[in-house]
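Please examine the structure shown here and follow the explanation that accompanies it. The discussion begins with a pocket and then turns to the helices and the core.

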Amino acid sequence: MFQRILVLIAIGFFGFIGWVIYLANTGQKSVFFKLVAAIPFGDKLGHFCLFGLLTLFINLAFKFKTMNIAGRPIYLAVLIVSTFVILEELSQYFVESRTLDFVDLIADFVGIAVFSAFSAWLCKKLYPIKA
């Protein structure tokens, strides 16, 4: 039951991000945009938090599933969110109301990395290796 709730949280948060992207792509106004504008570096902090939290929620939903890439375990969530943020940021080049910004992409990846490190710690607490 709890695992299903975690999956719903991940799906819901992804939906929220999709909605925010839709608002930005269509040039609509939102209370979230006003809040971000009122905070110094709010846009970068928003990117950090949104995609970092999405990584964490997907990690929890997938029970910290990893894939081996070049002999190293990488969280599946990192692969999913990284692919999404690259495609989303690059798509902004083609949307008149948006601006392609590589600093946003860096903030996305820093959030993914920080929340992945937190995920690794959390995974050890939730799923300790039995000796």
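In this predicted model, the largest pocket holds about 690 Å³ of space. Its lining consists of 28 residues, and those closest to the centre of the pocket are Val 20, Phe 33, Val 36, Asp 43 and Leu 50. What is the character of the residues in this lining? They divide into 15 nonpolar, eight polar and five charged residues. Helix 1, helix 2 (31–38) and helix 3 each supply at least two residues of the lining. The largest share, eight residues, comes from helix 3.

The pocket may now be placed within the chain as a whole. The protein chain has five helices and two strands, and read along the sequence these elements follow the pattern α-α-α-β-β-α-α. The C-alpha trace spans about 55 × 35 × 25 Å along its principal axes. Of the contacts with a separation of 6 or more, 65% are accounted for by residues 24 or more positions apart.

Helix 1 deserves separate attention. It has 24 residues, and the distance from its first C-alpha to its last is 35 Å, close to the 34 Å expected at 1.5 Å a residue. Its buried residues are Leu 6, Ala 10, Phe 13, Ile 17, Val 20, Ile 21, Leu 23 and Ala 24. An α-helix has 3.6 residues a turn, so residues three or four places apart point the same way. The list of buried residues in helix 1 can be read with this spacing in mind, for it includes Leu 6, Ala 10, Phe 13 and Ile 17. What covers the buried residues of helix 1 includes helix 2, helix 3 and helix 4. After helix 1 comes Gly 27, whose phi is positive, near 70 degrees.

The interior remains to be described. Buried residues make up 34% of the 131 residues in the protein chain. In soluble globular proteins, nonpolar side chains tend to be buried together. In this chain the largest nonpolar core has 23 residues, and Phe 51, Leu 54 and Val 81 are those with the most contacts inside it. Helix 1 (2–25), helix 3 (42–61), helix 4 (76–91) and helix 5 (102–126) each supply at least two residues of this core. The largest share of the core, seven residues, comes from helix 3.

Which residues does Leu 54 contact, leaving aside its neighbours within four places in sequence? Leu 54 is in contact with Ala 10, Phe 13, Phe 14, Ile 17 and Val 81. Among these partners, Ala 10, Phe 13 and Ile 17 belong to the buried residues of helix 1.

Notes. Residues are numbered from 1 along each chain as its sequence is written. This is a predicted model: local features need pLDDT of at least 70, side-chain atom pairs count only at pLDDT 80 or more; totals for chains, interfaces and linings use all residues. Side-chain values use heavy atoms; hydrogens and water are left out. A nonpolar core is a set of buried Ala, Val, Leu, Ile, Met, Phe, Trp, Tyr and Cys residues joined through side-chain atoms within 4.5 Å. Buried means under 20% relative accessible area, exposed over 50%, partly exposed in between (1.4 Å probe, protein chains only). Helices (H or I, at least four residues) and strands (E, at least two) are DSSP runs, numbered from the N terminus. Contact means heavy atoms within 4.5 Å. On a 1 Å grid over the protein atoms alone, a cavity is a set of points where a 1.4 Å probe fits but cannot get out, and a pocket is an open set with protein on both sides within 12 Å along at least five of seven lines; lining residues have an atom within 4 Å of a point. Grid points are joined across faces, edges and corners, and a volume is the space filled by probe spheres set on the points. Ala, Val, Leu, Ile, Met, Phe, Trp, Tyr, Cys and Pro count as nonpolar, Asp, Glu, Lys and Arg as charged, and the others, Gly among them, as polar. The expected span of a helix is 1.5 Å times one less than its number of residues.
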